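Please work through the exercises below with the sequence and the three-dimensional structure open beside you. Each one sets a task and then solves it step by step.

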Amino acid sequence: MTDYTDLIHLDQYIRQAGSIAVGGHEHPDGDCAGSTTGLVRYINNMCPQTQIDLYLEKIPDAYAFLGDGIEIRDHIDEERAPYDLFICLDCGVIERLGFAQPVFNKALKTICIDHHISNPGFADINRICPHASSTSEMLAEEMDAQYVDTDVARSLFLGIVHDTGVFQYPCTSPGTHRIVADLLKYDFNAPELITKTFYEKTMQQQKIAAQAMLNARLAAGGAVITSMITAAEMQQYDVLPEHLDGIVAQMRDTKGVECALFMYERGKDEWKVSLRSRSYVDVRQIAQAFGGGGHRKAAGVTFNTDKPEDAMSQVVSLISEQIDRQEKSFA
Ligand SMILES: [Mn+2]
């Protein structure tokens, strides 16, 4: 396992660079959007003269305001000279950087800050803390408080809130709470931020979640719950993939369930599978067996297939193997 947990003292690299690019993963989530926008604002506060560009796909509507006032690049401009520094956030593998990979590859120096256990450390300088709740938490540790303002604090807070499921997942540590305590000194409305960006759902989202529950089945004697949403169902409820967030976690909360599998049709013959476990199943290991990745209790993988049921049963059989092994070790 790669473990570069010491502080890298990010500020020194920022000060040395005349031009900086920041990038996060495809389909940005709260931690990705929070950490990237927070860092861009922080660099602006510390080095207002430095040219700084953010490369990021569209931020989900619920927290798109994090990017207000930042020019976000969603494509590559070939004319642009290589950046002195590229800071890659919340990406477990270089491929997750998506369209911005060529910009990263051309940069004179690269830094990776991330908390995915599978991260091999693909940059020149890597800080990878598998035990950190979020990339936002790791960034907060690197930051000098004099350049943190309300907007920076709000971005990092949102990132931590989302990756900890509102301080509930086991990745939430005493250190997480200490950092959050400092962030809460800034003047933003934390309860409203949590409700509006994490819990609030549109009527269509509520309905598609209900449909996912109606489609759900139990397997492995009730220890596994599975569900599938087709593109036709998404069209029927007028929802996008980003509106399906939270469904798999809700499935996992079913009494008696150890592991939840939710899959949806992202494109023609393209199925995204999300996995969550409650205690002992290592879903990252399962996702990795099919070319995906993630964390021990939250992972994902994409299948390109016209037989989603087959893909689902392959994944379920690996989950069942882990459950069987666990049961034997209890026996
Ligand atoms: Mn994250």
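The exercises go from the whole chain to its sheets, a helix and single residues.

This is a predicted model, in which local features need pLDDT of at least 70 and side-chain atom pairs count only at pLDDT 80 or more, while totals for chains, interfaces and linings use all residues. Residues are numbered from 1 along each chain as its sequence is written.

**Exercise 1. The whole chain**

Task: Describe the make-up and the overall dimensions of the protein chain.

Solution: Begin with the secondary structure, where the protein chain has 12 helices and 12 strands; helices (H or I, at least four residues) and strands (E, at least two) are DSSP runs, numbered from the N terminus. Next take the dimensions, for the C-alpha trace spans about 60 × 45 × 40 Å along its principal axes. The radius of gyration is taken over C-alpha atoms, and the globule rule is 2.2 Å times the number of residues to the power 0.38. For 331 residues a compact globule would have a radius of gyration near 20 Å, and the protein chain, with 20 Å, agrees with that. Finally consider burial: a residue is buried if 20 or more other C-beta atoms lie within 10 Å of its own, exposed if 12 or fewer, and partly exposed in between, with C-beta atoms placed from the backbone. By this count, 44% of the 331 residues are buried.

**Exercise 2. Strand β4 and its partners**

Task: Find which strands pair with β4 and how its residues are covered.

Solution: Two strands pair if DSSP finds at least two bridges between them. Strand β1 (residues 19-23) pairs with β4 in the parallel sense over four bridges, and valine 22 stands opposite isoleucine 87 in β4. Strand β5 (residues 109-114) also runs parallel to β4, joined to it by five bridges, with phenylalanine 86 opposite threonine 110 in β5. Now look at the covering of β4 (residues 85-89), where five of its five residues are buried. Leu85, Ile87 and Leu89 point one way, whereas Phe86 and Cys88 point the other way. As a last step, follow the chain from β4 through helix α3 (residues 101-106) to β5, which together make a right-handed β-α-β unit; right-handed is said if, with the strands pointing away from the viewer, the path from the first strand over the helix to the second runs clockwise.

**Exercise 3. The six-stranded sheet**

Task: Trace the order of the strands in the open sheet of six strands and say which stand at its edges.

Solution: The order is β7-β8-β9-β10-β12-β11, and the pairing is mixed. At the edges stand β7 (217-219) and β11 (293-294), each with a single partner strand, so one side of each is left without a neighbour in the sheet. Inside this order, β9 (residues 259-267) and β10 (residues 270-277) pair in the antiparallel sense over eight bridges, and leucine 261 stands opposite leucine 275 in β10. Then examine two loops: alanine 220, between β7 and β8, has a positive phi near 50° although it is a residue other than glycine, and aspartate 269, between β9 and β10, has a positive phi near 55°. Alanine 220 counts as buried because it has 20 C-beta neighbours inside 10 Å, while aspartate 269 counts as exposed because it has 12.

**Exercise 4. The two sides of helix α6**

Task: Decide which residues of α6 are buried and where they lie around the helix.

Solution: In α6 (residues 174-183) the buried residues are Thr176, Ile179, Val180 and Leu183. Seen down the axis of α6, they fall within an arc of 100°, so they line one face of the helix; the arc is that of the directions from the helix axis to the C-beta atoms. These buried residues pack against α4 and α5, whereas Pro174, Arg178 and Ala181 on the other side are exposed.

**Exercise 5. Two partly exposed residues**

Task: Locate arginine 73 and tyrosine 147, and list their contacts beyond the neighbours within four places in sequence.

Solution: Two residues are in contact if their C-beta atoms, placed from the backbone, lie within 7 Å. Arginine 73 belongs to strand β3 (residues 72-73) and is in contact with Asp53, Leu54 and Tyr55, leaving aside its neighbours within four places in sequence. Arginine 73 and leucine 54 are 19 residues apart in sequence and 6.0 Å apart in space, C-alpha to C-alpha. Tyrosine 147 lies in the loop between α4 (135-142) and α5 (150-163), and, with the same neighbours left aside, is in contact with Tyr42, Asn45 and Met46. Arginine 73 is partly exposed because 17 other C-beta atoms lie within 10 Å, and tyrosine 147 is partly exposed because 16 do.
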